[in-house]
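Here are my notes after a look through the model, written as numbered points. Have the structure open while you read.

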4 protein chains.
Amino acid sequence: MAMNRVLPEAGGEGGPGDPGNQRGRAELVPRLGYSGEDIAARRRWVEEKTGAALGQVGASMLPGEALRGNVENPIGAAQVPLGVAGPLLIAGGHARGTFYVPLATTEGALVRSYERGAAALTRAGGATVHLYADENRVAPVFLFDGVAEAAEFVNRLPEWFEVLKAEAESTTRHGKLLRLEPRPLGREVMVHFCYSTGDAHGMNMIVKATDRACQWLVANTAARRHLIFSGLEGEKRAAGSLFAGGKGKKVVAGARLPARVCRAFLHATPEQMADVWRHTMLGHVQGGTLGYNGHYANGLTALFIACGQDVANVANSAVGVTTFEVTEEGDLYATATLPSLTMATVGGGTGLGTARECLEMLGCVGAGQAPKLAEIAAALVLAGDLSMGAAIASGEFVQAHEEYGRNRPAEGGA
Amino acid sequence: MAMNRVLPEAGGEGGPGDPGNQRGRAELVPRLGYSGEDIAARRRWVEEKTGAALGQVGASMLPGEALRGNVENPIGAAQVPLGVAGPLLIAGGHARGTFYVPLATTEGALVRSYERGAAALTRAGGATVHLYADENRVAPVFLFDGVAEAAEFVNRLPEWFEVLKAEAESTTRHGKLLRLEPRPLGREVMVHFCYSTGDAHGMNMIVKATDRACQWLVANTAARRHLIFSGLEGEKRAAGSLFAGGKGKKVVAGARLPARVCRAFLHATPEQMADVWRHTMLGHVQGGTLGYNGHYANGLTALFIACGQDVANVANSAVGVTTFEVTEEGDLYATATLPSLTMATVGGGTGLGTARECLEMLGCVGAGQAPKLAEIAAALVLAGDLSMGAAIASGEFVQAHEEYGRNRPAEGGA
Amino acid sequence: MAMNRVLPEAGGEGGPGDPGNQRGRAELVPRLGYSGEDIAARRRWVEEKTGAALGQVGASMLPGEALRGNVENPIGAAQVPLGVAGPLLIAGGHARGTFYVPLATTEGALVRSYERGAAALTRAGGATVHLYADENRVAPVFLFDGVAEAAEFVNRLPEWFEVLKAEAESTTRHGKLLRLEPRPLGREVMVHFCYSTGDAHGMNMIVKATDRACQWLVANTAARRHLIFSGLEGEKRAAGSLFAGGKGKKVVAGARLPARVCRAFLHATPEQMADVWRHTMLGHVQGGTLGYNGHYANGLTALFIACGQDVANVANSAVGVTTFEVTEEGDLYATATLPSLTMATVGGGTGLGTARECLEMLGCVGAGQAPKLAEIAAALVLAGDLSMGAAIASGEFVQAHEEYGRNRPAEGGA
Amino acid sequence: MAMNRVLPEAGGEGGPGDPGNQRGRAELVPRLGYSGEDIAARRRWVEEKTGAALGQVGASMLPGEALRGNVENPIGAAQVPLGVAGPLLIAGGHARGTFYVPLATTEGALVRSYERGAAALTRAGGATVHLYADENRVAPVFLFDGVAEAAEFVNRLPEWFEVLKAEAESTTRHGKLLRLEPRPLGREVMVHFCYSTGDAHGMNMIVKATDRACQWLVANTAARRHLIFSGLEGEKRAAGSLFAGGKGKKVVAGARLPARVCRAFLHATPEQMADVWRHTMLGHVQGGTLGYNGHYANGLTALFIACGQDVANVANSAVGVTTFEVTEEGDLYATATLPSLTMATVGGGTGLGTARECLEMLGCVGAGQAPKLAEIAAALVLAGDLSMGAAIASGEFVQAHEEYGRNRPAEGGA
């Protein structure tokens with residue numbers, strides 16, 4: 001039965017000398033379903049194979065059937081500590097008001113740091129946020145016999161837009177093909193297929209749509225074949241081309257913080273904040289960092305885990321730029337620009353148990369709420385970078401992690 | 001009492017026109033502790049403020065006191081679906097044998113994809129893995145009056161190594177200062193303080209140690225002041241300089257897959273795999289990606305969440321390079337190189353409930369196990385990139401996500 | 001008189017302790033004109049100040065008045081050895097036929113290497129070349145009070161296109177404003193002003209045009225001020241964003257080289273060439289190189305010096321990608337993609353003495369010839385990368401530089 | 001005879017359908033020598049083939065035999081207008097005093113711009129310059145059967161250092177192998193062979209030396225073969241890894257400019273200069289530029305052409321970082337950092353006619369002078385970036401190019 005499936009042979013190999021022949025041990029995970037019993041049986045199988053006791057993994061509140069489409073071979077759930085940072089006052093196009101933001105993390109001091117920045121922003125009148133664009137894209141590559149054929153393809157691509165749009169959109173109710181951006185290289189042509197995807201993250205949706213359009217192109221043009229991904233699109237990776245937008249939501253948050261708010265909440269003057277910006281920018285430049293920011297990855301990761309986002313998209317979402325500037329009046333103007341923020345409020349893990357509850361905390365459940373969620377995220381990382389910059393400026397970074405971090409008790413010399 | 005703390009004034013402001021005056025709403029999160037009652041009270045306060053019902057968030061198995069040092073303002077836990085991928089046969093310096101890897105994700109098809117790659121690797125005889133280096137670093141910047149003073153500092157830095165080592169190590173039992181790497185720029189000097197950190201991730205540890213050493217330098221040299229972070233170190237960000245190593249663990253995994261194993265498990269020939277590599281490399285180059293890989297971020301994120309790692313470190317850990325090559329014998333040789341993998345088996349979230357159980361599944365609980373965990377991660381992402389590359393080569397990517405992904409039922413035309 | 005002008009005081013300083021007071025020595029170069037006498041007098045002044053004998057510098061064939069607009073404080077000309085590489089057979093949209101390419105260089109073996117690649121291309125039937133785009137751009141930055149004002153500016157920019165086009169084009173007969181591409185960041189907005197510039201390089205032209213348009217924007221919108229350069233445009237610097245095009249000419253050259261041509265002319269098989277591509281690509285990736293190519297900078301620099309181009313533009317022009325691929329028939333398909341090639345046939349140094357003669361060698365003198373010149377350049381660097389790749393593949397690199405390079409006689413052990 | 005050599009067949013092809021059969025036209029450049037007669041005959045052949053009259057090309061002062069080792073197929077010389085910028089006061093470790101710098105360019109206003117910056121630096125007391133390192137390197141790649149063999153190679157490499165040093169240095173009197181830096185990737189290992197090269201640029205020297213060492217490694221270790229270049233070394237290309245040093249000379253120039261000097265010479269305040277730095281830094285970051293500078297490529301290219309340097313090395317040399325900072329006293333502190341400056345005073349074109357004269361202007365002829373030349377270059381680009389930054393700050397950029405540039409007369413509306 002399903003409980004003892006060994007790894008199949010690859011045909012033709014085998015025998016005593018076969019280095020891959022691990023027949024005795026290499027069993028496949030049992031092919032069981034999503035019922036509570038199946039999950040429990042699978043978990044017991046894993047416990048037996050690995051010797052681990054998985055009691056807490058098994059104590060998940062997530063009903064098994066709800067996991068279908070989100071995970072295979074389920075054995076329960078991982079639990080990540082959840083804190084809350086706020087108040088965070090936002091004046092955005094979609095997010096307006098005061099928010100308390102759920103953050104799932106195990107890094108001591110992280111929530112406290114974001115809370116401090118949020119409080120400073122709030123006392124300063126809140127963060128202004130603007131969502132510039134909300135798209136997603138796939139970039140297949142088409143292969144040609146030579147440079148001439150590739151060039152003709154690029155030149156004629158606009159002619160085919162309507163039929164490609166029809167092909168692509170025949171596979172989806174929500175994805176809309178906005179435009180094509182060809183990027184020829186040698187005798188191949190990568191093409192950005194740019195979509196609006198509604199409130200879903202939509203990669204599966206637009207990959208399927210694009211593949212349909214690609215099939216039309218391979219059948220009707222000089223393209224000999226295609227690969228559905230070229231890597232150009234920047235999905236789940238840090239890439240310089242993300243700054244031009246088109247991969248997710250482009251959002252900018254900014255705020256003017258009076259000097260007294262800086263000092264009172266951040267323990268740093270606007271001049272000190274600008275000084276930190278200047279010197280750490282040089283570190284980013286010398287290190288070959290894409291963009292510049294204090295720790296977008298921290299805030300985004302904690303928010304993504306809490307809210308059922310695809311956390312691997314932090315790789316592209318955290319590429320962005322923070323600015324600190326002293327205004328003519330002596331205040332601090334601080335901004336966060338995220339050109340490629342990938343967030344959703346429907347699909348993926350957004351409907352699951354704790355994720356849905358966290359989205360409720362933000363008033364971001366369901367259709368129509370993704371822009372609001374993106375604006376909250378931008379204000380959040382602005383708060384975090386204010387707090388981080390201030391900790392560096394004031395020299396309080398070490399102290400803060402001493403107070404809140406895990407390592408303190410176990411560390412220290414005699 | 002603590003339940004109704006309003007955001008404090010910043011001193012001197014206030015009055016009707018103060019744009020930051022949100023006195024009526026902007027309450028701070030109550031300062032409560034880590035007892036179950038405190039967490040419940042805080043959660044109820046959040047429910048009241050936001051209108052969200054947080055029942056599942058509150059159903060955490062993580063005892064409150066255990067969260068101290070990992071999260072502030074705790075209200076419970078986020079749950080992330082947990083699946084298992086394997087068997088994954090590894091011949092490493094530290095990880096040896098067959099593993100079943102816990103993956104926390106909400107992306108349908110992800111576990112199945114890694115499972116497929118793991119099975120192929122296993123049938124091929126397993127992945128060979130080598131851990132080249134295991135370090136961590138902090139890069140403070142020192143500011144000088146001019147270029148001449150900066151130059152003298154750099155030239156004399158070796159003289160001060162022993163005293164700096166003593167200063168730094170006076171703050172920690174586990175961190176060992178290995179060397180200093182100065183990087184002058186203009187009239188400032190960034191210095192990599194490079195440490196071994198034992199089995200801990202160790203950022204807090206080495207930041208504290210480095211700050212102590214910096215204080216000595218500011219007191220005893222021409223350095224006027226320092227900032228504890230310059231950004232050069234590459235912590236939680238993607239940066240080109242990570243390839244040179246020094247930030248976390250440098251690990252390489254590789255395997256020779258006989259052509260028949262490729263075809264049987266991956267539905268692609270070695271030649272097709274090399275073809276995908278070649279064409280998607282061009283997409284990465286044209287897109288300005290750091291490094292090249294299929295989707296390290298996916299596997300690492302899922303493993304990091306499962307195992308209580310600092311998930312924001314995926315930003316640096318996922319910078320790496322995959323290779324697919326056809327051997328002279330017609331087989332596939334595939335490798336994954338991760339120059340900056342940040343993983344730990346003590347400290348951080350590694351001791352918490354489900355995280356500890358997931359580490360048990362891998363035999364990686366506690367001191368001495370971080371190298372083993374890093375080798376498993378490297379083999380895992382190699383498995384994932386094999387499967388992703390094969391899905392692109394064979395054209396099965398869309399089909400796989402149709403079968404396992406969440407979006408299918410809600411999508412589709414008539 | 002003009003021959004003894006000392007460096008002026010900066011007002012208010014002076015006196016014995018002034019570290020900048022080099023009154024005794026710091027004379028300015030005499031303000032003389034462009035006549036032969038003036039140039040000779042200036043040169044003698046330099047000879048006197050520096051002790052150098054500048055006889056060959058003074059033996060320039062370039063008549064002095066012709067230098068006005070190309071150089072200030074002229075004292076003669078530098079001479080760079082000029083060789084010729086060919087035949088180079090090209091089938092382009094603009095360049096068609098066999099070319100002998102002038103290359104100004106002092107690197108032994110360079111001309112021989114390009115000649116070898118050109119011969120191979122020619123024997124293979126020539127290089128196919130396609131010019132995708134021919135533009136130039138300036139990217140000023142506009143500063144705003146806050147994020148909201150910046151966002152409104154971006155949103156309304158399309159409304160202003162016609163008036164901006166009229167303003168910009170009022171300053172030039174040749175530059176045509178094609179489109180505006182805004183790139184907001186924080187509370188500022190960079191805008192690519194994209195032009196066609198006819199056959200001129202056109203930076204001065206479009207900078208002036210853009211500045212006029214910027215003045216209109218500062219006068220009529222919420223933009224508080226502007227800086228004419230933000231650095232985003234990629235002028236004379238290597239930048240990842242150049243791959244998307246818009247800075248100069250985007251050109252692709254490609255050729256199919258039969259295996260026997262590879263072996264006979266390049267001493268390498270197609271498989272060896274693909275092997276070199278694969279391994280050196282990994283070196284580029286690990287080194288954080290922008291793009292990938294063997295040595296575009298060599299060929300472009302030599303051609304730019306010969307043909308009176310702005311040689312500093314090699315910094316952006318040499319960012320590109322070479323591919324070597326074995327075809328299904330066992331031949332080599334090789335390509336060179338230059339997304340940002342900056343070349344001109346009018347203006348700059350293109351009309352001067354030897355430069356004009358070199359352009360005549362290529363049939364590229366005067367208006368209408370810049371696309372042809374760009375196509376020749378693309379075929380040239382393809383030739384150079386074929387030869388370089390082959391030298392690495394065959395192990396002949398050292399031998400070639402031994403035979404042709406300067407260093408051999410002076411080097412070597414006992 | 002040599003004057004009519006047709007392109008040889010590639011063996012086995014030919015016949016009417018051969019697309020590469022250009023037998024009628026595709027003649028090779030005649031194989032003639034370096035005597036004046038040979039050069040003239042070759043030039044006449046080119047004139048005949050191309051229809052160009054090459055009188056000025058032929059008027060070279062460079063004696064033919066002197067070109068051997070610097071160029072093949074010589075037909076004369078290209079002439080580039082030469083101006084002079086100064087006074088430039090430098091307080092370096094090697095360059096000390098006031099310099100007048102030869103610049104070969106055809107860009108109007110360039111010399112004037114560098115002259116202005118040089119005068120400002122001089123009035124401010126000069127530029128302080130420090131040379132941090134002076135090395136060159138080659139990075140071959142070694143190929144192995146698998147990851148395990150590659151790892152063992154890396155681990156044992158230190159054992160072999162002495163024998164490799166002996167092998168490498170057996171081929172050269174000047175190159176000294178300093179250290180080896182292995183960079184494993186998958187199953188291959190790139191190794192930086194780092195040398196001091198005396199006053200020569202030394203690439204040919206160290207490539208030959210390295211190749212010898214590689215042969216020993218291939219003969220005596222598990223390395224199956226090697227390629228002499230991996231691309232990792234960053235020769236003649238822009239690469240992020242150049243910031244870590246090791247490719248050429250690492251030089252830093254800096255100066256404190258009193259506010260009154262800024263205003264008098266640059267027409268900008270220190271605050272305006274810092275403002276330009278801040279905003280143009282953001283443009284560089286958003287554009288994905290390596291490093292940050294105003295126009296190092298301009299000054300370096302003009303200096304390299306004048307002084308017989310390998311001009312293609314500007315591609316790596318121009319990667320660097322400029323800083324402008326307001327000091328506590330209200331002055332400007334400006335710096336230029338060039339991590340990878342490739343300059344020489346012996347070998348290459350340094351001994352040729354005008355090049356040697358230009359080196360004489362700087363007191364940099366012959367052995368022992370390369371560090372001095374590098375320091376002058378660093379001060380020069382600092383001068384240029386001061387002037388460029390000031391032109392942007394003051395809005396005078398357009399005006400300056402109107403006054404000095406070539407395009408003015410031909411441009412302009414009614």
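1. Let's start with polar contacts. Across the interface of chain C and chain D, 68 residue pairs are in polar contact, with both residues at pLDDT 80 or more. Keep in mind that this is a predicted model.

2. Which element gives the largest share of the side of chain C that touches chain D? That's strand β1 of chain C (residues 74-92), with 14 residues. By residue type, that side of chain C splits into 69 nonpolar, 56 polar and 30 charged.

3. Now the salt bridges. The rule finds 6 of them across the interface of chain C and chain D. For one to look up, try the side chains of D:R225 and C:D275, which meet in a salt bridge at 2.8 Å, N to O.

4. How big is the interface? People often quote the accessible area lost when the parts come together. Here chain C and chain D bury about 13000 Å² between them, and 56% of that is on carbon and sulfur atoms. The contact draws on 155 residues from chain C and 155 residues from chain D.

5. Last, have a look at helix α13 of chain C, residues 397-404, where C:F397, C:V398 and C:H401 are buried. Viewed down the axis of α13(C), its buried residues fall within an arc of 100°, so they line one face of the helix. That fits the usual geometry: an α-helix has 3.6 residues a turn, so residues three or four places apart point the same way.

6. What covers those buried residues of α13(C)? The cover includes α12 (370-394) of chain C, together with α5 (203-220) of chain D.

Note on methods. Residues are numbered from 1 along each chain as its sequence is written. Chains are lettered from A and ligands numbered from 1 in the order in which they are written. This is a predicted model: local features need pLDDT of at least 70, side-chain atom pairs count only at pLDDT 80 or more; totals for chains, interfaces and linings use all residues. Side-chain values use heavy atoms; hydrogens and water are left out. Buried means under 20% relative accessible area, exposed over 50%, partly exposed in between (1.4 Å probe, protein chains only). Helices (H or I, at least four residues) and strands (E, at least two) are DSSP runs, numbered from the N terminus. The arc is that of the directions from the helix axis to the C-beta atoms. Contact means heavy atoms within 4.5 Å. Buried area is the accessible area (1.4 Å probe) that two parts lose on being put together, summed over both. A salt bridge is a side-chain nitrogen of Lys or Arg within 4 Å of a carboxyl oxygen of Asp or Glu. A polar contact is a pair of N or O atoms within 3.5 Å; within protein, one must be able to donate a hydrogen and the other to accept it, and residues adjacent in sequence count only if both atoms are side-chain atoms. Ala, Val, Leu, Ile, Met, Phe, Trp, Tyr, Cys and Pro count as nonpolar, Asp, Glu, Lys and Arg as charged, and the others, Gly among them, as polar.
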